[in-house]
Amino acid sequence: MNTFIKFLTKYPWPILLGILAVTVFLFIEMSANSRMETDLDEYMPQDHPAFVYSDSAEAMFNIKDGIIIAIENKDGIYNPQTLGKIKKLTEDLQQMKQIEKGDVTSLYTADNIIGTETGLDVTSFYEEVPESSDKLKSIRQSVRTNEMVYERIVSEDETVSVVIAEIGDDVFSMEFYHEILDLADSYENANHTLYVAGTPIVEGTMAYLGPKDMKKMVPIVILVIIIVLYVTLRNTKTTILTLLVVILSVIWAFGLMAWLGISIYAVTTMMPVMLIAIGVADGIHLFNHMYLYLQEHPEASRKDAISDMVRNMWKPVAMTSVTTSVGFVSLLASEVYPIKYFGLFTAFGVMAAMFFSLVFIPVGLMIFNKPKNVKAKGESEKHHPLAHKISKWVLQHKILVVVLSVLIIGIGIYGTQKVWINSSFLDKFEDDSDIVQTDNFINKKFGGTTTLNVILSAERKDAFKEPEVLKLMSKMQGDVVASVKDAGNSFSLADYLERMNKVMHADKEEYNRIPDSHNLNAQYLLLYEMSGDPDNLWEVVNYDYNKANLNIQIKEDDSKSLKAVLDEVRSYKDEFSDLNVDINFAGSGYTALVFTDLILEGQIKSLVITLIIIIVLLSLMFRQVSIGFIGAVPISITAVLSFGVMGLLNIPLSTTTALLASIAIGIGIDYAVHFIERYRISQKTHKDRLSVATATMNHSGRAILFNAVVVIAGFLVLTFSVFPPNRALGALVSFNMFTSFVGTITIMLVLLHWKKKFK
Amino acid sequence: MLRKNLKFRNIILLLLLIPFMSNAQNLTGKEIIEKVYYRDDGDDRRGKLTMTLINSRGDQRVREIKQFDKDFGKEEKKIMFFLSPADVRNTSFMNWSYDDPAKDDDQWIYLPALGKVKRISSDSKDDYFMGSDFTYDDLGDRHPDEDTHKLLREETVDGEECYVVESMPKEDGYMYSKTVTWVIKDKWIGLQKKFYDEDGDYLKILNVKDYKKYDGILVITHSEMHNVQKDHKTVMKYKDIELNAGIDSGYFTERMMTRGL
């Protein structure tokens, strides 16, 4: 260690320049090669069976996410102007290079299959925009009597009609997103309001606003941290050095990512916030130590002060950095690649921060001199009175502390059971945001903006021409829509056959049902192919008629609504399996749900792994197993309470909040490590246990408090984010830091107190 | 002597005419397409049509149809009976088409499981024929007067000398912005045809794979339509062909549709 310190103090400039050179290189890499990934499919583990199945079903039935553009005319849509706009908008969308012509559905493109006394008529609702009131009336009548269009393309109150453009997974870009929004805008006038919704738009808005929000929040977080750092360190130089450590580690982490050609994902944008929160800790502890040293040795040279700081503090700084890194590296257990990368590069950033703290800070102090405004204090003032008071109080109320801790854990465990996972994208927005308002509007007027694809499959060919199978599908559809509140509409091959049967019986309502004969079903389907657009058919059934895609439209995209629909569909499993038909699921709504489950599963795995590794590491570092367990107590309480609070406050786990536990452990463990290390050292110089506690509290306790205050202040900034999940993240991390801090100086101190003296 | 002279004069005349004859060969695009449209195909036809539909994943569906059709001057009547798949057997379809471009086809369908003949009225001729890649127009319904034709060049394709004719619709908003046909010289068969959609993008290609002579009349027996945008294919094979079989004029009725085969 001494040679290392000598080396640092001897060659400050070359070291500084070396660090700067690497930083400049990585900074250039970062600015030149950083790539933002907005395609959410990139997040999905492609080899997971649920995703593989969904992908193949999506390819088979041409299942794509739809952009929904709704045109509203409060006076009704059946007038030349509105119908003209629908036609023009349809054509404009068909012209876009990202959209295939056949993937645009509107009143203008829809097939109108109607029955007459003598036969069957397949027409479009209109080709030329109708001017006469007779024609307008007849269109209105045709729509009203066509269940495949009414309430699907035209709202029940006839004031809104939708144009749906389905797009492939790979075409979405920020430019396309803005193009669509601008196109819709250009159709607005005094009588017409346009609304744009649908999964691609929600995802696009998030991909657009998420990083934008982080870009806005990060500088504010940094500013707040600068202020709080300055207030706690009361020194410009140390504040700047601490801050530089953080900034350098962020540049190194992002620069390395760019250099290795790894894209930035939405979750990666949280990395700077993490590194800021973690990186300041090392600096605070180092300067805290130096400050206390200078109080005792006012005459010490800067070389002595720096040597003492590094010699005494390298161990806890290294230990905390390693344990924190372990917490993040354990995210590799996740099946989700962006989260793996997030874990890996945050861990790298943490190690970089450690390197800077132990190299850059001493070197910086050598160059810029030690802080000057430290005043020597008398022996009586050596310990802050508060440190003594707290230690005394805790040690006098050991039982109370334990009881309270157990109680808090109990409450936490109780709350944990109420935690639910939310895969909703919409819930990430404010209730009064445009996107949510639009979605609500369309959901009010139509079946729902979220689609669940139920994939039914049988071994035998032509299974979906069998009346029993089709009738069961129809029954299930009716049941799901009737019994699940948020299920608004459904659509399948059964609807085609019911419609055909009705139409072929002169539009008599009593024939709006599945025919009893297999052959008649087959013949209706042949007839549909001859008269309608057969491509529509291949979106609900395959060529061999042994796989069918049943759509259920849902008015909410949160996991609770989706699960309610899934449960209702699954209740038909036995009935379908009696007919040798299997039920599976596909589509973006379903994969998002599976995805969130995977995230949670990954989180729990990583949490358990982290906890075990940390216990082992602490046991090794302090050469005692019991210390490992004692050190894990505050973070365990933090984790349990964190989930418990989420459960009790009805905050759902989402892709963002699920990362909380790792963050909490990663940061919280630092407090424990510093505290234990100082407690160990204080045991050597102090006899009675109260003064050991007081000395520890005065040294590490103080630094931990500063650290907690800085981090909490920084994260509280996030509560002003426009994104509810970022706000939850800010509030919960702040809360976790508080819990960790309190846990460390209370229950952990009590446990250390009860333990025998250790080395 | 007179005969001989005559012969000699004929030869001279022929020699003199050669340059003019090649001029006469210099048909306009319209004339070429008309020759294809009006090419003798007998007065009536009977045969078995096998239609194979192949989607982009290679899934196939096969349909067998017995087809009867007969020319009635300015109209053509056709009845088709499905032979397979079994669940649509005896489903029949009747189509009357007219030379008059203004007049829409009349169509009927008979579903044996329903036991009723129904009229189908479809307002567009650009409907695809039974879920295939052929529209009714592609199957030869489109009258030459509906397009303007231009001879682009002459070239040899698959060993056949062809005229290459470009046809543009006269009406607005037709499903094809343009078609280009490779017509075999003297045989007046469209060997190959490329279709371009409303936006001018390449949409489909038709290839005639085989044709045979029956009673001196050429009949296309194997053709393939490939929609390149959807990568969907339709293969049509025509066999057991009888031309001028003497199908009764009264055959094309709703009653006959219900009789089955």
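# Exercises on a two-chain model

Chain B has four helices and 13 strands. The structure is a predicted model.

## Exercise 1: Two chains side by side

Task: Set out the secondary structure, burial and contacts of chain A and of chain B.

Solution.
- Step 1. Count the elements. Chain A comes to 25 helices and 10 strands. Chain B has four helices and 13 strands.
- Step 2. Look at burial. In chain A, buried residues make up 53% of the 759 residues. In chain B, they make up 28% of the 261 residues.
- Step 3. Look at contacts between residues at least 6 apart in sequence. In chain A, 81% of these join residues at least 24 apart. In chain B, the share is 40%.
- Step 4. Add the extent of chain A. Its C-alpha trace spans about 110 × 50 × 40 Å along its principal axes.

## Exercise 2: Domains of chain A

Task: Find which residues the domain assignment gives to each domain of chain A.

Solution.
- Step 1. Start with domain 1. It is written in pieces: 2-33, 205-371, 384-417 and 593-754.
- Step 2. Add the others. Domain 2 covers 62-197, and domain 3 covers 436-586.
- Step 3. Take the centres over C-alpha atoms. Those of domain 1 and domain 2 of chain A are separated by 55 Å.

## Exercise 3: The contact between the chains

Task: Describe the side of chain B that touches chain A, by element and by class.

Solution.
- Step 1. Count residues. Chain B puts 19 residues into the contact and chain A puts in 24 residues.
- Step 2. Find the elements of chain B that give two or more residues. They are β5 (106-111) and β6 (116-122).
- Step 3. Pick the main contributor. β6(B) gives the most to this side, with five residues.
- Step 4. Sort by class. The side of chain B that touches chain A has eight nonpolar, five polar and six charged residues.

## Exercise 4: A pair of helices

Task: Work out how helices α21 and α23 of chain A are placed against each other.

Solution.
- Step 1. Locate the helices. α21(A) covers residues 588-621, and α23(A) covers residues 660-685.
- Step 2. Take the distance and the angle. The axes come within 10 Å and cross at roughly 15°.
- Step 3. Classify the angle. Angles under 35 degrees count as roughly parallel, so α21(A) is roughly parallel to α23(A).
- Step 4. Give the hand. The crossing of α21(A) and α23(A) is left-handed.
- Step 5. List the residues in contact. α21(A) brings A:Q603, A:S606, A:L607, A:T610 and A:I614. α23(A) brings A:A661, A:S662, A:I665 and A:I669.
- Step 6. Sort them. The contact of α21(A) with α23(A) has five nonpolar, four polar and no charged residues.

## Exercise 5: Buried or exposed?

Task: Decide whether A:D65 is buried or exposed, then do likewise for B:T156.

Solution.
- Step 1. Place A:D65. It is in strand β1 (residues 65-73) of chain A.
- Step 2. Count its neighbours. A:D65 has 24 other C-beta atoms within 10 Å, so A:D65 is buried.
- Step 3. List what it touches, leaving out residues up to four places away in sequence. A:D65 touches A:E166, A:I167, A:G198, A:T199, A:P200 and A:S588.
- Step 4. Place B:T156. It is in strand β7 (residues 147-157) of chain B.
- Step 5. Count again. B:T156 has 10 C-beta neighbours inside 10 Å, so B:T156 counts as exposed.
- Step 6. List its contacts with the same exclusion. B:T156 touches B:E161 and B:C162.

## Exercise 6: Distance along the chain and in space

Task: Find how far the C-alpha atom of A:D65 is from that of A:S138, and that of B:T156 from that of B:I184.

Solution.
- Step 1. A:D65 and A:S138 are 73 residues apart along the chain, and their C-alpha atoms are separated by 32 Å.
- Step 2. B:T156 and B:I184 are 28 residues apart along the chain, and their C-alpha atoms are separated by 8.9 Å.

## Exercise 7: Backbone exceptions

Task: Explain why a positive phi or a cis bond deserves a note, then describe A:N580, A:R623 and B:P85.

Solution.
- Step 1. Recall the rule. Most residues other than glycine have a negative phi, and most peptide bonds are trans.
- Step 2. Take A:N580. Its phi is positive, about 60°, although it is not a glycine. A:N580 lies in the loop between α20 (573-578) and β10 (581-586) of chain A. It is exposed, with 12 other C-beta atoms within 10 Å.
- Step 3. Take A:R623. Its phi is positive, about 50°, and it is not a glycine. A:R623 lies in the loop between α21 and α22 (625-648) of chain A. With 9 C-beta neighbours inside 10 Å, A:R623 counts as exposed.
- Step 4. Turn to chain B. A cis peptide bond joins B:S84 and B:P85, with omega about 0°. B:P85 lies in the loop between β3 (75-84) and β4 (92-98) of chain B.

Conventions
Residues numbered from 1 in each chain as written. Chains lettered and ligands numbered in written order. Predicted model: local features only at pLDDT ≥ 70, side-chain atom pairs only at ≥ 80, totals over all residues. Contact = placed C-beta atoms within 7 Å. Nonpolar A, V, L, I, M, F, W, Y, C, P; charged D, E, K, R; others polar. Domains from an automatic or database assignment. Axes fitted to C-alpha atoms, helices over the stretch in contact; angles between N-to-C directions. Parallel < 35°, antiparallel > 145°, perpendicular 65-115°, else oblique. Left-handed = near helix turned anticlockwise from the far one by under 90°. Buried ≥ 20, exposed ≤ 12 C-beta atoms within 10 Å, placed from the backbone.
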